Amino acid sequence: MTTFLGMPTTSPRGVGHLRGDEAFPAAARKALGNAQLRRNLGHATTTIRAKSGAVIAELPDWQELRTAGSALKTDTMARLPELLAQLEENVTAAGGVVHWAADANEANRIVTELVQATGETRVIKVKSMATQEIALNEALEAAGIEPVETDLAELIVQLGHDKPSHILVPAIHRNRAEIREIFLREMPGVDPALTDEPVILAGAARRYLRETFLSTKVAVSGANFAVAETGTLAVLESEGNGRMCLTLPETLITVMGIEKLVPTWQDLEVFLQLLPRASTGERMNPYTSMWTGVTPGDGPQNFHLVLLDNGRTAVLADEVGRQALHCIRCSACLNVCPVYERTGGHAYGSVYPGPIGAVLSPQLTGVEDNASLPYASSLCGACFDACPVKIDIPSILVHLRNEAPHPRGERAAMHAAAYTMDHPRLYAAAQHAAKLSRLAGRRLPPPLSGWTASRDLPDPPPETFRDWWAKR
Amino acid sequence: MRIALFVTCLADTMFPAAAKATVHLLERLGHEVVFPEGQTCCGQMHINTGYQQDALPLVRRHVRTFAPYDVVVAPSGSCVGSVRHQHAMVARSAGDEGLAARAEDVGSRTYELSELLVDVLGVEDVGAYYPHRVTYHPTCHSLRMIRVGDKPQRLLRHVRGLELVELPAADQCCGFGGTFALKNADTSTAMLADKMRHVLDTGAEVCTAGDSSCLMHIGGGLSRLGAGVRTVHLAEILAATEDTP
């Protein structure tokens, strides 16, 4: 069966930022040794958790809102082909142009050609996960076009030749001394007397960006939501840079994952309550920009919408895993995750880190390309409780572990263990054998060495429970 | 009441004291405890490590073993969570709807110890005596998978002689996570380091919980440090009296 966008395929290799260079345990090991990173992350996640918890507690109907958000997304996914067609129709009717991109390569090519058609060589960008996912900046640079990130944290990441490590606060791993160094080294026209005071650093970025906003004719954005019934796009942000990018330039190009859709205008009521409280811990985000196609004499006169698949229809084809497409990129799951809090985002190797990244990245790429990510969780369940659209992340992790390729030795050991446990006499014999082998002491061979590196094993009991029970 | 004990493979093999305490406690409260032969492991380790096919016979065995009993108790929130929330899923994935229905039925009659005491038997004061300074770690699966809430603390507050001190950041995972502790040993250890710091901050001599697995993890770390804090299963505290400390 073919779907609307063709047969579901995963995101292609060799383009974009969905795959890391090494497996999670090895990357995590390096991050765990970085005391500054651990402190930055611990402080930031604790602060956001407290802030978010306080504003969520103000809403008596938070659980009902979560249920509504979940139901709306489930309905949207069930009708995605027809809703996307409706969106295209309404965006086109309002003067916009809709492009369909099956993967990162197509999306990068479409955007590059659109910019080239304007004759411009610089674009300003609103913070966008979709364009990070497909590595649009690298593609534009290769074509001689300079992309300028205008979100402060995203600008820090770009000037530092770095990668984002958090969905919402991409420079969470940087402190102000590092930011000062990056600005001094990389920001055109920066004051050499720059200090590391936050207000001074923000002032330097503002001065640089103001000039860029006023002299750049093309902007690239992502989208938080698209309304199928009206063809309206929405971007939520805090700094006002998004509003500048979405209103000042002559041409606006928006790259949006196909799952960002909501059916009706009224549905925004639910998500505009859920998103700011779950993400920044605000009752309402400072800037919500909405636009429908082109308005003559007001804002960009050329509007292009690039609808990105890049593995999403493959996710949609998985009955358990498709919930991951409900994600509204709030980062609540990152902020409550005990693993993310200690390793940071880079260890995940993908622009989508944390619990949602551990279920989304392997599905977008195919689980064999991110086989360690479904295991990057203790299954503590904090993410599920925090998710504003109730994505059951632990269940998807367990599901993906079942799909992941397993090491040969582990497979044999697990099979033998299951066989033993299905035969009570063998099981009892194994219990006694285990008791003897524990005399091996405090340093056990792999894979148990992972345990005994930092933890003792308990002394063996004199008899098992079933032995005691039998003698009773 | 006649109660079937689902001992769990870990308590059976490594922590029989927790299982024996569960038996003593329930018998002291006037109930009959039976131990269904043929039980081994619920299969959670296989399910959570990605081996659902290997877990299927264990699910089948568990359901067959406990189907005849009206009430089943386990001294583990995690194993109860697996029975209640994962067994039917494994059966369904294998296309066995009949097994899934029976698994759901058994799951609905399977209780973690504090649930059994408070919800089913309606008791919060079990007549225990335990003269120690104790802190309680609410394990992730007790807290977020089966939602025992504050039932363990309510039971502990009625224990005579026991001084219950609140654990800072109690709802944070200790880093065990089954095979996570082996596959991601470094991250697991980093999580454990914070949990141990919080336990030590309380000044408690005993750290308790409703899961032997998490206690094995926290206790293994504290032992390696020579911290002088013991880990003791909730059942052992509730089973203790002046006569049988």
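**Exercise 1. Work out what share of chain B is buried, and how its fold hangs together.**

Step 1. Count as buried any residue with 20 or more other C-beta atoms within 10 Å of its own, the C-beta atoms being placed from the backbone. Buried residues then come to 60% of the 245 in chain B. Keep in mind that this is a predicted model, where local features need pLDDT of at least 70 and side-chain atom pairs count only at pLDDT 80 or more, while totals for chains, interfaces and linings use all residues. Residues are numbered from 1 along each chain as its sequence is written, and chains are lettered from A and ligands numbered from 1 in the order in which they are written.

Step 2. Check the size. The globule rule is 2.2 Å times the number of residues to the power 0.38, with the radius of gyration taken over C-alpha atoms. A compact globule of 245 residues would have a radius near 18 Å, and chain B has 18 Å, so the two agree. Its C-alpha trace spans about 50 × 45 × 25 Å along the principal axes.

Step 3. Look at the contacts (C-beta atoms, placed from the backbone, within 7 Å). Of those in chain B with a separation of 6 or more, 77% join residues 24 or more positions apart.

**Exercise 2. Describe how helix 19 of chain A packs on helix 4 of chain B.**

Step 1. Helices here are DSSP runs (H or I, at least four residues), numbered from the N terminus. Fit the axes as lines to C-alpha atoms over the stretch in contact, with angles from 0 to 180 degrees between N-to-C directions. The axes of helix 19 of chain A and helix 4 (residues 52-66) of chain B come within 9 Å and cross at roughly 10 degrees.

Step 2. That makes the pair roughly parallel (angles under 35 degrees).

Step 3. On the chain A side, the contact uses A:Met414, A:His415, A:Ala418 and A:Met421; chain B brings B:Asp54, B:Ala55, B:Pro57 and B:Leu58.

Step 4. Sort these residues: six are nonpolar, one polar and one charged. Ala, Val, Leu, Ile, Met, Phe, Trp, Tyr, Cys and Pro count as nonpolar, Asp, Glu, Lys and Arg as charged, and the others, Gly among them, as polar.

**Exercise 3. Zoom out to the whole contact between the chains.**

Step 1. Chain A puts in 46 residues and chain B 52.

Step 2. Helices giving two or more residues to the chain A side include helix 1, helix 19 and helix 20 (424-437).

Step 3. That side divides into 27 nonpolar, ten polar and nine charged residues.

Note on methods
Buried ≥ 20, exposed ≤ 12 C-beta atoms within 10 Å, placed from the backbone. Contact = placed C-beta atoms within 7 Å. Parallel < 35°, antiparallel > 145°, perpendicular 65-115°, else oblique.
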